[in-house]
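Trainee: Please take one helix contact and go through it closely, residue by residue. Then work outward from there, so that I can place that part within the rest of the chain.

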Amino acid sequence: MKKFWSLFFFFWPVVAIWSCWIAPARGWWFATEAMSPLGERIDGLFYLILGIVTVVFIGTQFALGYALWQSAVKGEDQKAQFSHGSHSLELIWTVVPSFVLVFIALYQMDVWAEFRVQSFYPNQTQEDGPQLEFMARQFEWRVRYPEPGTELQNQPQPGDLYAVNEMHVVTGRPVKFNLRTDDVQHAFFAPELRVKQDAVAGLIIPVWFEIPKAGEYAVVCAELCGWGHYKMRATIVAESQAKVDEYLSNLQSEQNFDGVVTVDDEDE
Ligand SMILES: [Cu+2]
């Protein structure tokens, strides 16, 4: 029975290695490919930490299995070795993890700064200013674009253009927008872009991302914000500058349409 338990603890790290090895090919657990350059770097950090954790998990499990196996094959009359209070062991398992944590903290600083610290955002986003406002409210995302040719103001302007649950942005260029909430706390989460940011009442939070490839990307709310939380899904449509301009001018003529059809229009 003692041998069974030592083998039992050897078994799990083997299962872990095997399942992690085949998981990416089978599409288990792992996120889809990152669709933004910063997302790829965030994934790099994720895999680095996963690698460190894997080594520690396998190491500790094998050490446990080995200790159990040693006592299982020992004769009944042999005394167990008692090592409680070993200063060198205490030092090793305090200093080594501290170094690992300090290493991770320093190593991730560049990515963190680029993601969160405004002065490290790409130059273009600092020169251009925010392109739109993404307002979370129970239970939808309201998009507010400035009137084409003008700059976004924090207060709504008469010429602003509005949309719901759909954000159109230009591909291959950093996009910065203001994230806000109209009521409770929500969270903007675009999984394929690896961007997640809380929307906090009273704050205007600038968020940026860049999408190199045209397409549609999901946005969900990642904060349990009420009964309709599940409904807070939006789409980011990444397309060429010409298509975004066309979309905005359509939006503008739709919003400015007064409902009156002239005789000329009817003739056409
Ligand atoms: Cu929400």
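Mentor: Start with α2 and α4 (residues 109-116), whose axes cross at roughly 145° and come within 10 Å of each other. Bear in mind throughout that this is a predicted model. The crossing of these two helices is left-handed. On the α2 side, the contact uses Leu38, Arg41, Ile42 and Leu45. On the α4 side, Val111, Glu114 and Phe115 take part. Sorted by class, the contact of α2 with α4 has five nonpolar and two charged residues, and no polar ones.

Helix α2 has a further partner in α1. Helix α1 spans residues 2-26 and α2 spans residues 37-73; their axes lie 7 Å apart and the packing angle is about 160°. Angles over 145 degrees count as roughly antiparallel, and α1 and α2 are therefore roughly antiparallel to each other. Here too the crossing is described by its hand: α1 passes α2 in a left-handed sense. From α1 the contact draws on Lys2, Lys3, Trp5, Ser6, Phe9, Phe10, Trp12, Pro13, Ala16, Ile17 and Cys20. Facing them from α2 are Thr54, Phe57, Ile58, Gln61, Phe62, Leu64, Gly65, Leu68, Trp69, Ser71 and Ala72. The residues of this α1 and α2 contact comprise 15 nonpolar, five polar and two charged.

Now place these helices in the chain. The domain assignment gives domain 1 as 2-73 + 89-116, and domain 2 as 128-257. Between the C-alpha centres of domain 1 and domain 2 there are 36 Å. Nine residues from domain 1 and nine residues from domain 2 make up the contact. On the side of domain 1 that touches domain 2, the classes are five nonpolar, three polar and one charged.

Next come the sheets. One is an open sheet of five strands with mixed pairing, in the order β3-β2-β1-β5-β8. Its edge strands, each paired on one side only, are β3 (161-164) and β8 (205-209). From one strand to the next, the twist averages 30°. Within this sheet, β1 (residues 132-137) and β2 (residues 140-145) pair antiparallel over five bridges. One position to look at is Phe134, which stands opposite Val143 in β2. Helix α6 (residues 241-256) packs on this sheet and touches β2 and β3; the direction of α6 makes about 100° with that of β3.

The loop between β1 and β2 holds Phe139. The peptide bond that leads from Gln138 to Phe139 is cis, with omega near 5°. Most peptide bonds are trans.

Another open sheet of five strands, also mixed in its pairing, runs in the order β4-β10-β9-β6-β7. The edges of this sheet are β4 (166-170) and β7 (195-199), each pairing on one side only. The average twist from one strand to the next is 20°. Strand β6 (residues 186-190) runs antiparallel to β7, and five bridges join the two. In that pair, Phe189 stands opposite Lys196 in β7. Helix α6 packs on this sheet as well, touching β4 and β10 (233-239), and the direction of α6 makes about 140° with that of β4.

A last backbone detail concerns Asn165, in the loop between β3 and β4. Phi of Asn165 is positive, near 60°, although the residue is not glycine. Most residues other than glycine have a negative phi.

To return to the starting point, helix α2 meets α4 through residues including Leu38 and Leu45, and α2 meets α1 through residues including Thr54 and Ala72.

Methods: Residues numbered from 1 in each chain as written. Predicted model: local features only at pLDDT ≥ 70, side-chain atom pairs only at ≥ 80, totals over all residues. Axes fitted to C-alpha atoms, helices over the stretch in contact; angles between N-to-C directions. Helix = DSSP H or I, 4+ residues; strand = E, 2+ residues; numbered from the N terminus. Parallel < 35°, antiparallel > 145°, perpendicular 65-115°, else oblique. Left-handed = near helix turned anticlockwise from the far one by under 90°. Contact = placed C-beta atoms within 7 Å. Nonpolar A, V, L, I, M, F, W, Y, C, P; charged D, E, K, R; others polar. Pairing = 2+ DSSP bridges. Domains from an automatic or database assignment.
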